[in-house]
Amino acid sequence: MEVKTKSLLDNMIGVGDMVLLEPLSEESFIENLRKRFDHNEIYTYIGSVVISVNPYKSMLIYTPERVEEYRNRNFYELSPHIYALADEAYRSLRDQDKDQCILITGESGAGKTEASKLVMSYVAAVCGKGQEVNKVKEQLLQSNPVLEAFGNAKTVRNDNSSRFGKYMDIEFDFKGDPLGGVISNYLLEKSRVVKQPRGERNFHIFYQLLSGASDDTLKKLKLDRDFSKYNYLSLDSAVVNGLDDATNFRTVRNAMQIVGFMEDEVQSVLELVAAVLKLGNIEFKPESRCNGTDESRVKDKNDLKEMCELLGIEQSVLERAFSYRTVEAKMEKVSTTLNVAQAYYARDALAKNLYSRLFSWIVNRINESIKAQAKTRHKVMGVLDIYGFEIFEDNSFEQFIINYCNEKLQQIFIELTLREEQEEYVREGIEWTNIEYFNNAIICDLIENHQNGILAMLDEECLRPGTVTDETFLDKLNMICAEHQHFESRLSKNSKFLNDHSLPHCCFRIQHYAGKVLYRVEGFVDKNNDLLYRDLSQAMYKANHTLIKHLFPEGNPAKVNLKRPPTAGFQFKASVGTLMRNLQTKNPNYIRCIKPNDKKAPHIFTESLVCHQVRYLGLMENVRVRRAGYAFRQAYEPCLERYKMLCKRTWPHWRGPAREGVEMLMADLQVPAEEFSYGRSKIFIRNPRTLFFLEERRRQCLQDLATLIQKIYRGWKCRTHFLLLKKSQIVVAAWYRRYAQQKKYEKIKSATTVVQSYTRGWQARKLLRELKHQKRCEEAVTTIAAYWHGTQVRREYRKFFRANAGKKIYDFTIQRIMQKYFLGLKRTLPSMSPVDKNWPARPYVFLDGVHTELRRIFHLWRCKKYKSKFTEEKKAVYEEKLEASELFKDKKSLYPSSVSQPFKGDYLEISKNPKYQKLNSSFDEKVLLADVVNKINRANGKGTTRILLLTKKNVVLADQKTGQVKASVPLPDLTSVSVSTQNDGFFALRLKEGSASAVKGDFLLSSEHLIETITKLHHIGSTASDREQLNVDISDEFLVQFKQDKVCVKFIQVAPKNGNSVSCKRKNNRLLEVTVPASA
Ligand SMILES: Nc1ncnc2c1ncn2[C@@H]1O[C@H](COP(=O)(O)OP(=O)(O)O)[C@@H](O)[C@H]1O
Ligand SMILES: [Mg+2]
């Protein structure tokens, strides 16, 4: 079995079960209710009793989900709810075959009717389904609107107050499917038909009919839509906020149809309702009779007429019934007239009876429809929706009756609760200890005792001949009940009330179990009698209207019953008796409704009002009874399941029987033995304290467990999270690495591609270059070949082309010009002399270069030719000449004139001249020069001619005439030769000092052929190897060694005069001056 650990004890606001209230007092009780009410918890338990506080607002606690939630759950498993009670009742009815009754009590407006509807709707929702079943359910549910239309009215306490007590038996088959039902109604407040207190209304149906019926229907019913036309309808509150009479009328019609009313039945019912309204409009006036009494007469017969037409009554019969009253006694008929007051009384009595009988008929008619068809045994669930205790300022017969009913209900409550407790104790094998509680049997007895009960005495008074008044009734009570503990009256023998001014004279007070109630005796007798004159019921019976005839069976003259009809009190007592007997056979379930405020407003909790209700509903008494033995009990399994965490040995699992587990638990927790008892299947806990102790421990333990769970969960979560993160990290890393590698690879790849492309490009370019080169070569070859071929071809074919003529002509012309030029040049060539500067003029500019070149070539060629013509002698001559040039050119003015003179050398032809034969023969060598010179005398400067001979070894001076040698100087003794720069032929031969020749001193000579002489002398010196080069000094002043003296020879240039020639004079010892005329 699955043990549910949920409990009423979870998430409690206040306490969910008043039995657990600690400490228990009226204040704490009300405080608990208030606290829960403030938190929208309108239901609270007292054990299995449900207290319901009217929320006066719609609550979201009646949803289909809620129905499902409470379905098949243990009563204490979820928070208190009316559904829990309904479910419990339904399940024990279905599963344990126990008939159930649900007793709903509470004052007007406390929510009884709503509660009964909730129970019915819950049962309808959870019981079986199917076409037939659904129809039954529908009929049962739809009986409510019909009954409410006829039996409910707006009162100051409740806009939809039920003015009758209702008990409904719902019948189920063995499966728990509804079969049908029976409704009993109690004590309709019929006085409301004729008179309503201020701020209240008549029964809903009157207003619904007038507002909702079609014009046609109203016409048929002879009605006007105007409320104000009807005396029975109070006007001040005809319209109620939030109540749509017209719509409700349609709902009622519809419900009647569903429940099974025939069309004509509905019509009859509406006719009766209309008749009541008409009846209220009938008025009376007095009419004096001859005997001096006043007789009543109907004032305006129109309403009477219409009413009679509606009901098919003969007008005169009814009219008479309002004026006369027939009293029959012992076969004797006495007719008395009615005065106006009596007529009104009769009218109202008729209206009230008519309406209440109609109501009862409707209830019966519904019963007929909804009654179970099958005759098989069935299970029953009774729902009692009846007024709770009523304590008003003015309490009358009705309150008395109602409170009596509540006393009876309380009695069976006590009886059944105790019985149940006792049975449970026995069942569980727990010793029964007597419970101290207040038993209200004594109060019930005060009211219902056959001999001296208040009701019995009232009946006695009513039936007693003679004058009977309410006062006589009170006197009687004072007499009989004076001694009763719960009866109080000013006149009772109980003298202690004599001075109680809160107790008026015409009243008595009963100390009900729920509190004291003061009743005013006024009207008790009348109300109990509930008299309807026989003439009226007979008139009704005579009506030509099936329904009305049916409603007044006592009007049948054939069945004249002289016995008085039973009094209201009697009837009520009887039906309460039946009800009680009925209830006693059933398992009771209580719903106690409480009204939180008088304003019909939500959120208001008037403590005084609630306190009052708590008192008269006897709720404290309820709790006390429930707590008398053991306050709390629980089966072992759920108990162990709930508290097992409090003991190490039961936590987390207990393997043995649950009871042993619980025993282990209690022992471990050291709960005192007197605090609990072990039953067969349940543990009984005497004091709520103990339970709360367990609860508190459990709460702490749960906190620890929660922490533990939290800890483990958090650890798990973190670990999972971490693992997830780690896994994710790996995934991310893998992805990233892949990405990075990819990137890297791509980079390398692109780099490679670039390198590759460069390489390939380079290779390609290289190849291209080669190819291009090759191509170019090929092209070049081709081109060359082409050109070559072209040339060949052109050469071949040129002659055939005119275009070449120009060139040809040009070439030809050039050729001709060149020819002419060269031929011309040949003709005009200058002389072959190398010194010839002539050269023919250039004929054409374009030949400039050629011309110049030719000139140069020609000159070179001419020079070559010239040179090749020279002999050895000539060559020697020219070499001498060249040497002379080197020695004297530009140094001596005489030089230019010598150039053109050929160097003859042997001017004297010495070898041939016989004169000089001897001289010549003195030399071995060849004479290179032989000339005549002047030898300057050193003394005066006069010259003597001499012959100068020059050989390769000597210079010889010889006498011209004789040819005798005067002086011979070997050349090596000759150091230098001095000459002037001028145009003279003087020269000095200077001898080497110390040599043999030098004895006579240097020679100063003058020669015609000075240049030739010195050149030859120089030439010999240069070619001879045995001596030094001969120096040639060229200066205009030089020293000459004469013997021992040195004389300076100075040359002076003078202007040339005719005839003057070179002259030499001795100036002084040292100076010899030579004047030389300047050459022209
Ligand atoms: N459980 C509830 N939820 C919401 N409103 C409720 C509830 N019970 C009663 N009421 C309100 O209180 C009014 C009076 O209830 P009703 O059952 O007619 O009272 P009673 O039958 O005790 O006189 C209802 O019309 C409704 O507005
Ligand atoms: Mg009601």
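Which residue does Asp-303 meet in a salt bridge? The partner is Lys-278, with N and O 4.0 Å apart. Keep in mind that what you're looking at is a predicted model. Below is a quick tour of that pair and other spots worth finding on screen, from a magnesium site to a patch of lysines.

**Salt bridges**

- Let's start with the opening pair: Asp-303 sits in helix α11 (residues 301-311) and Lys-278 in helix α10 (residues 263-281), so their contact ties together parts that are 25 residues apart in sequence.
- Both ends of that bridge are tucked away: Asp-303 is buried, with a relative accessible area of 14%, and Lys-278 is buried too, at 4%.
- Next up is Arg-520, whose side chain meets that of Asp-394 in a salt bridge of 2.7 Å, N to O.
- Arg-520 belongs to strand β15 (residues 515-520), while Asp-394 is in the loop between β12 (379-385) and α14 (397-428), so this bridge ties together parts that are 126 residues apart in sequence.
- Here you'll find both partners partly exposed: Arg-520 has a relative accessible area of 30%, and Asp-394 has 49%.
- Lys-175 pairs up with Asp-173, and their closest N and O atoms are 3.1 Å apart.
- The two ends of this bridge fall into separate classes: Lys-175 is partly exposed at 45% relative accessible area, whereas Asp-173 counts as buried at 12%.
- Some charged residues join up in a group: Glu-31, Arg-34, Asp-38 and Glu-607 are linked in a network of salt bridges.
- If you'd like the overall tally, the model has 61 salt bridges.

**The magnesium site**

- Look for ligand 2, a magnesium ion held by OG1 of Thr-113 and OG of Ser-162, at 1.9 to 2.1 Å.
- Thr-113 is part of helix α4 (residues 112-126) and Ser-162 is part of strand β5 (residues 161-162), so the pair ties together parts that are 49 residues apart in sequence.
- Is Thr-113 buried or exposed? Its relative accessibility is 17%, so Thr-113 counts as buried, the cut-off being under 20%.
- Ser-162 is buried as well, with 13% relative accessibility.

**A positive patch on the surface**

- Six lysines make up a positive surface patch: Lys-864, Lys-865, Lys-867, Lys-869, Lys-874 and Lys-875.
- Which helix gives the most to the patch? That's α28, with four residues.
- Two helices, α28 (848-869) and α29 (872-888), each supply at least two of the patch residues.
- One of the patch members, Lys-874, is found in helix α29, where Lys-874 is partly exposed with a relative accessible area of 43%.

**Backbone details**

- Where does a cis peptide bond join Glu-22 to its partner? It leads to Pro-23, and omega there is about -5°.
- Pro-23 falls in the segment before α1 (26-38).
- Another cis bond runs from Trp-651 to Pro-652, with omega near 5°.
- You'll find Pro-652 in the loop between α24 (636-643) and α25 (658-669).
- Asn-40 isn't a glycine, yet its phi is positive, at about 65°.
- Asn-40 is in the loop between α1 and β1 (43-46), and Asn-40 is partly exposed, with a relative accessible area of 39%.
- Tyr-56, also not a glycine, has a positive phi near 50°, and Tyr-56 is in the loop between β2 (49-53) and α2 (64-70).

**Two pairs to trace through the chain**

- Ser-360 lies in helix α13 (residues 340-370) and is partly exposed, at 29% relative accessibility.
- Leu-551 is 191 residues away from Ser-360 along the chain, and their C-alpha atoms are separated by 9.2 Å.
- Ile-82 belongs to helix α3 (residues 82-96), and Ile-82 is buried, with a relative accessible area of 1%.
- The C-alpha atoms of Ile-82 and Thr-44 are 9.3 Å apart, with their positions 38 residues apart along the chain.

Methods
Residues numbered from 1 in each chain as written. Chains lettered and ligands numbered in written order. Predicted model: local features only at pLDDT ≥ 70, side-chain atom pairs only at ≥ 80, totals over all residues. Heavy atoms only, no water. Donors = N, O, S within 2.8 Å, 3.2 Å for Na, K, Ca; no water. Buried < 20%, exposed > 50% of the residue type's maximum accessible area, 1.4 Å probe, protein only. Patch = residues over 30% accessible without salt bridge, like charges linked within 9 Å, V, L, I, M, F, W, Y side chains within 5 Å. Areas by Shrake-Rupley, 256 points an atom, 1.4 Å probe, with all protein chains shown as cover. Lys, Arg positive; Asp, Glu negative; His and termini not counted. Charge placed at Lys NZ, Arg CZ, Asp CG, Glu CD.
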